[in-house]
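Keep the sequence and the 3D view open side by side. The report below moves from aromatic rings to the overall fold, then to single residues.

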There are 2 protein chains.
Amino acid sequence: MFGRQATLHSRASSDAREGYEQRLGHILAAACGAIARLGYERASMRAVAKATGVSLAGLYHYFDSKEKMLFLIQFRTFSALHQNLLEKLHGVMDSEEQLRVMIRAHLSYFAANMDALKVCSHELDTLSGSAYEQTRDIRREYYALTRSIIERLLDAHAPGASLDRHVLTMSLFGTLNWLYRWYDPAGGPSVATVSNQIASQFLHGIYHLADTADGAAANARGLPRDASQAAARTP
Amino acid sequence: MFGRQATLHSRASSDAREGYEQRLGHILAAACGAIARLGYERASMRAVAKATGVSLAGLYHYFDSKEKMLFLIQFRTFSALHQNLLEKLHGVMDSEEQLRVMIRAHLSYFAANMDALKVCSHELDTLSGSAYEQTRDIRREYYALTRSIIERLLDAHAPGASLDRHVLTMSLFGTLNWLYRWYDPAGGPSVATVSNQIASQFLHGIYHLADTADGAAANARGLPRDASQAAARTP
DNA sequence: GATTTAATCGAACGAACGTTCGATCGCCAT
DNA sequence: ATGGCGATCGAACGTTCGTTCGATTAAATC
C-alpha cells in the first residue's frame, strides 16, 4: 500500500528508513502547501514536483497515486490532531475544562499546521473508496470524543435543556473548521484569546439556556418547536 | 459579458427574453447540482451538458466560459441571499430580533437552495480576477450587515465586554456556512428549531459574558489575554 | 567483487478537459 | 420569397493531466 516495505534487519536500514520518512515528510509538506493554495484538483503533480525539487516520476516512488498522496496527508493530520487532543485531555476531569482544552488544542494545532488543517477542512469529500472511509473513521472518533465532552457538560450543567446535541456539536465544529477561511494567527488576536472567547461564548450559551426554566423558554422564541430526532449525518 | 444583449423593442422579443432567462436558469440549476456534488473542477462541462439535455457547444451560447458560469451562480445566489435578508429585516428594530431574523433567513434560504449555498460556501476562492472581486464585494456587504447587527447588540446588552467583534462575527458565519456539511432539512430538526437553538446559544453566550464583571472575568480563564486588534481578513 | 535492490529521472502515452469552428434549423421582419 | 439572426449541434483542436516505462546511478547484501 505504501511506497516501501520496512526492512529492519540492520542499523543501516534503520537509518535509511529515517531518511525515507524525512524525504516523504518533506514531499507531503510541499504537496500540502500546493493543495492548500490551489485546491486538490488544480494542484498538479508537476507543481508538487517543482515545489519539492523531485522529478515528476520520482514522486511515484513515495505513493502509488495522487489520491494516495492526499490520503497520507489527511490520515496523518487527522491522526495527529486526535492524538494531540487525547494527550492534552489527560488528567483533566472537569467537563468544562475539557471543552476549553479541546478548543485550545484545536486552535493551537491549526496555528502550527495551517496548510494541513485547511486541506483537511476543505477536501473532506475528495477521497473515495476505502481511503475515504479510513479518514472518515478518524474524523468520527474526533467527533465522538468532542460530543462526549459536550454530553457530560450538558448532563452536569444543563440537564433539562432542550438542546439538540448534534446541532450543538456541529455548531462548534463549524466555528472551528471555518477558521482557515479568516484567521491568521500571525496578524490577529492570539490563539489563547480566540480560544477563550470561543469557549466562553459556547459554554455560557449553554449555561444560560439551562437557567431559564428548563431551557425551553429561551429556546422556543416565536416559533413552534418540534422534538424530532437528531439529524442523520455525522461528519 | 453575458451571453446575449437585451433587445427590448417589441413584445415578441420580450417573450423571447423570458424564454431565454428560463432556459438559462434551468442550465444554471443543473450546473449547480453538478458542482455541489462533484466540486467545480470535477464537474466537467460535458457533465453539465448531459444534465441539462443541451449539447456541449450549446452551453457556450449562455456564457463565455466555465468560470463565467460559476460566477453567474455565485453572483445570483449571494445577491438573492442578501436581498432576502434585507427584506426580512424590514421593520425589525430590536437588535436581538434582528439577529434571530438573520439566522432564520440564512437557514431558510439554505433549506430552499442547498446546492447553490453549498457551491457558494465551498467554492469561495475558485473565481479569479474581477469575477472574484465582484462576488467578494457582495459577500462583504452581507458580512457588514451581519456585523452591524452584532455591534448594536453588543452596545445595547454588553457594552463593556472585551469581545473581539470580528471573531464573534466569523464564529457565527462558521456555524452557518458549515451547515452544508451536515444539515439535512428533510431528515432532521426543522429549520425553525435549528435556527432558534443557534440564535439562542449565540445570544446568551454574549449576554452572560456581559453579566460577569465586564466580561473579562469569564473570558480570561487560565491564560493571559492580549488586547490586540481585530484580525486582518474579512470574508 | 558480484548481485540485488532502492532511488531517481527524461520521455512518452492515453485520456479528459475547456473551448472553438462551421453548418444547420426555425423564426421574424422586410 | 428572402435575408438576417438567435439557437443549437457534431466534430474537432490544442492543452494539460495522472500515470507508466525503461534506463541510470548509488547503496546495501552476500
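B:Tyr143 is buried, and B:Phe173 is buried as well. This is a predicted model. Over all chains, the structure holds twelve aromatic pairs. One of them joins B:Tyr143 to B:Phe173. Their rings are stacked, 6.1 Å centre to centre, with 25° between the planes. Stacked is the right word because planes under 30 degrees apart count as such. The pair links distant parts of the chain. B:Tyr143 sits in helix 7 (residues 129–157) of chain B, and B:Phe173 in helix 8 (residues 165–177) of chain B. They are 30 residues apart.

A second pair has another geometry. The ring centres of B:Trp182 and B:Tyr183 lie 5.6 Å apart. Their planes meet at 55°, so this pair is tilted. Both B:Trp182 and B:Tyr183 are buried. In chain A, ring pairs tie A:Phe110, A:Trp182 and A:Tyr183 into a cluster.

Charged side chains also meet rings. The table gives two cases.

| Charged residue | Ring beneath it | Distance to ring centre |
|---|---|---|
| A:Arg181 | A:Trp178 | 5.4 Å |
| B:Lys66 | B:Tyr40 | 4.5 Å |

In each row the charged residue lies over the face of the ring: A:Arg181 over A:Trp178, and B:Lys66 over B:Tyr40.

**Chain A as a whole**

Chain A has ten helices and zero strands. Along the sequence, its pattern reads α-α-α-α-α-α-α-α-α-α. Of its 235 residues, 53% are buried. Chain A exposes about 10,300 Å². Carbon and sulfur atoms supply 53% of that area.

How much of the contact set in chain A comes from residues 24 or more positions apart? Such residues account for 72% of the contacts with a separation of 6 or more.

**Helix 4 and what follows**

Helix 4 of chain A covers residues 66–89. What span should its 24 residues give, at 1.5 Å a residue? The expected figure is 34 Å. The end C-alpha atoms are 35 Å apart, which agrees. After helix 4 of chain A comes A:Gly91, with a positive phi near 85°.

**A:Ala105**

A:Ala105 belongs to helix 5 (residues 95–112) of chain A. Is A:Ala105 buried or exposed? Its relative accessible area is 2%, so A:Ala105 is buried; the cut-off for buried is under 20%. Beyond residues up to four places away in sequence, A:Ala105 touches A:Asn84, A:Leu85 and A:Lys88. A:His82 is 23 residues from A:Ala105 in sequence. In space, the two are 9.7 Å apart, C-alpha to C-alpha.

**Two residues of helix 7**

A:Thr146 is found in helix 7 (residues 129–157) of chain A. A:Thr146 has a relative accessible area of 0%, so it is buried. Where does its side chain find a polar partner? A polar atom of the A:Thr146 side chain lies 3.0 Å from the backbone oxygen of A:Tyr142. Neighbours within four places in sequence aside, A:Thr146 is in contact with A:Met102, A:Thr169, A:Leu172 and A:Phe173.

A:Arg152 lies in helix 7 of chain A too. A:Arg152 has 42% relative accessibility, so it counts as partly exposed. That class runs between the buried limit of 20% and the exposed limit of 50%. Which residues does A:Arg152 contact, leaving aside neighbours within four places in sequence? They are A:Ser95 and A:Gln98. A:Asp94 is 58 residues from A:Arg152 in sequence. Their C-alpha atoms are 9.3 Å apart in space.

Technical notes. Residues numbered from 1 in each chain as written. Chains lettered and ligands numbered in written order. Predicted model: local features only at pLDDT ≥ 70, side-chain atom pairs only at ≥ 80, totals over all residues. Heavy atoms only, no water. Helix = DSSP H or I, 4+ residues; strand = E, 2+ residues; numbered from the N terminus. Buried < 20%, exposed > 50% of the residue type's maximum accessible area, 1.4 Å probe, protein only. Contact = heavy atoms within 4.5 Å. Areas by Shrake-Rupley, 256 points an atom, 1.4 Å probe, with all protein chains shown as cover. Phe/Tyr/Trp six-rings, centres within 6.5 Å; stacked < 30°, edge-to-face > 60°. Lys NZ or Arg CZ within 6 Å of the ring centre and 35° of its normal. Expected span 1.5 Å × (residues − 1). Polar contact = N/O pair within 3.5 Å; in protein donor to acceptor, adjacent residues only side chain to side chain.
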